[in-house]
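Here is a short tour of one protein chain, moving from its surface to a sheet and then to its charged pairs. Keep the viewer open as you read.

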Amino acid sequence: MNDSGRDGRDERGTQDARGGFEERMRELLAEDAYTIRPSPAPYPAIRRRGVLERRRRAAAAGAVVAVLAALPVGAYALGGDGRGGSDTAAPRPSATAPHGQAYTGSPAAPSPSGPERPATPGQLLDGISFAQATRGLEQCLAFDADRIKSLPKNSPSRSTGGLGRASEYRIILAMRSTGDANAPGDGIHVVAVKERPQQTRLICTIRDGQPGLNTSVGGTAGDAAHPVYPDINSGKLYQQSFLDKGNWKLPFRWGIVGTVQPSVARVTVSYGDSSAEAVLDHGWFVASGTLHQQVTKAPHVKGYDAAGKLVYDSDRDKEYEKTLP
């Protein structure tokens, strides 16, 4: 048989086999048409990838927030109550605003008299007059009143009526404020307190004419009820930004305040290369000094009774932060 005959039979055989295969496939498809479906979409895997992606984005956003927190800030809010505190600050002036332009919010309602004076003239430091301290306090209270008005009507903070009037307070300390990497620009601190309707302590800071306010409402005494209790937010007065750790601007005016029980007759404070005898002012102690060296430890506070017995030592106080951040 010649090659052409074999090639013809082979080709026909191949065609017959192919035709049989295709016919069999058509039968199978006809018999099982409703059982052949595409593989289900891997929804669990897709969902897991989506969750991971959201977490990745949230982590990235958190990193951005952390970076922003490390940069100089002009407006900030840290909620707090009880022994804690809250910070609010007016927006910093724009680059086109005149340097030192004062906060232009609504003025506080006029009061029959201003705040009470501190117990001693020595609590007004660095050439700050009582009139200047009073204006600073009024500026911060006006800023707080405007902030309250801007809150939703159903806000719990709005129902409290804000921090009140300057006439309800007693100024216990005024001193210069040194700018740092987190809050550039020097200014002044004014510390004022009131006892009714509830104990309130505020640190008013004026920088470039703009107010910033740190408050503690509802009492500052700790759980252990020590005879001396340094205000938990006094760090505002005695430390610079952690961004400047080891490189503070010196000399640095520092201060510290806190509450004392009637049994306490004397309070001393040592801080770095300085020390101070605190003034006792209507249930509060107030101390200040000037630092000339870099520090890593917080002020060391001691309290004594009328007989000279040591009744409080911050080194033994578990609630007191003994090191700086």
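The accessible surface of the protein chain comes to about 18700 Å², and carbon and sulfur atoms account for 55% of that area. Please keep in mind that this is a predicted model. The chain has 325 residues, of which 36% count as buried. Its secondary structure consists of 5 helices and 14 strands. If you look at contacts between residues at least 6 apart in sequence, 61% of them join residues at least 24 apart.

**An open sheet**

Now for a sheet that is worth tracing by eye. It is an open sheet of 4 strands, ordered S10-S9-S13-S14, with antiparallel pairing. At its edges are strand S10 (274–277) and strand S14 (310–313), each of which pairs on one side only. From one strand to the next, the twist averages 15°. As general background, strands of a sheet pair through backbone hydrogen bonds, in either a parallel or an antiparallel way.

Inside this sheet, strand S9 (residues 264–271) pairs with strand S13 (residues 300–305) in the antiparallel sense, over 6 bridges. To find the register, look for Thr-268, which stands opposite Lys-302 in S13. On to the next pair: S13 and S14 also run antiparallel and are joined by 3 bridges. Here Tyr-304 has Leu-310 in S14 as its bridge partner. The hairpin of S13 and S14 has 4 residues between the strands, and in this hairpin Gly-308 takes a positive phi near 85°.

**Charged pairs**

How many salt bridges does a search of the whole structure find? The search finds 7. In general, side chains of opposite charge can pair when their charged atoms come close. The table sets out three of these pairs, with the distance between the closest N and O atoms.

| Acidic residue | Basic residue | Closest N and O atoms |
|---|---|---|
| Asp-144 | Arg-147 | 2.8 Å |
| Asp-281 | Arg-170 | 3.3 Å |
| Asp-231 | Arg-201 | 2.6 Å |

Let us take them in turn. Asp-144 forms a salt bridge with Arg-147. Both residues belong to helix H3 (residues 130–149), and because they are 3 residues apart there, about one helical turn separates them. Is each partner buried or partly exposed? Asp-144 is buried, with a relative accessible area of 4%, while Arg-147 is partly exposed, with a relative accessible area of 28%.

The salt bridge between Asp-281 and Arg-170 has its closest N and O atoms 3.3 Å apart. Asp-281 lies in strand S11 (residues 279–281) and Arg-170 in strand S3 (residues 170–177), so this pair ties together parts that are 111 residues apart in sequence. Asp-281 and Arg-170 are both buried.

In the third pair, Asp-231 forms a salt bridge with Arg-201, with the closest N and O atoms 2.6 Å apart. This pair, too, links distant parts of the chain: Asp-231 is in the loop between strand S7 (228–230) and helix H5 (235–238), Arg-201 is in strand S5 (residues 200–207), and the two are 30 residues apart. Asp-231 and Arg-201 are both buried. Finally, have a look at Asp-126, Arg-176 and Arg-253, which are joined into one network by salt bridges that share partners.

Terms used. Residues are numbered from 1 along each chain as its sequence is written. This is a predicted model: local features need pLDDT of at least 70, side-chain atom pairs count only at pLDDT 80 or more; totals for chains, interfaces and linings use all residues. Side-chain values use heavy atoms; hydrogens and water are left out. Buried means under 20% relative accessible area, exposed over 50%, partly exposed in between (1.4 Å probe, protein chains only). Contact means heavy atoms within 4.5 Å. Accessible areas come from the Shrake-Rupley method with a 1.4 Å probe; for residues, only the protein chains shown count as cover. Two strands pair if DSSP finds at least two bridges between them. Axes are lines fitted to C-alpha atoms, for helices over the stretch in contact, and angles run from 0 to 180 degrees between N-to-C directions. A salt bridge is a side-chain nitrogen of Lys or Arg within 4 Å of a carboxyl oxygen of Asp or Glu.
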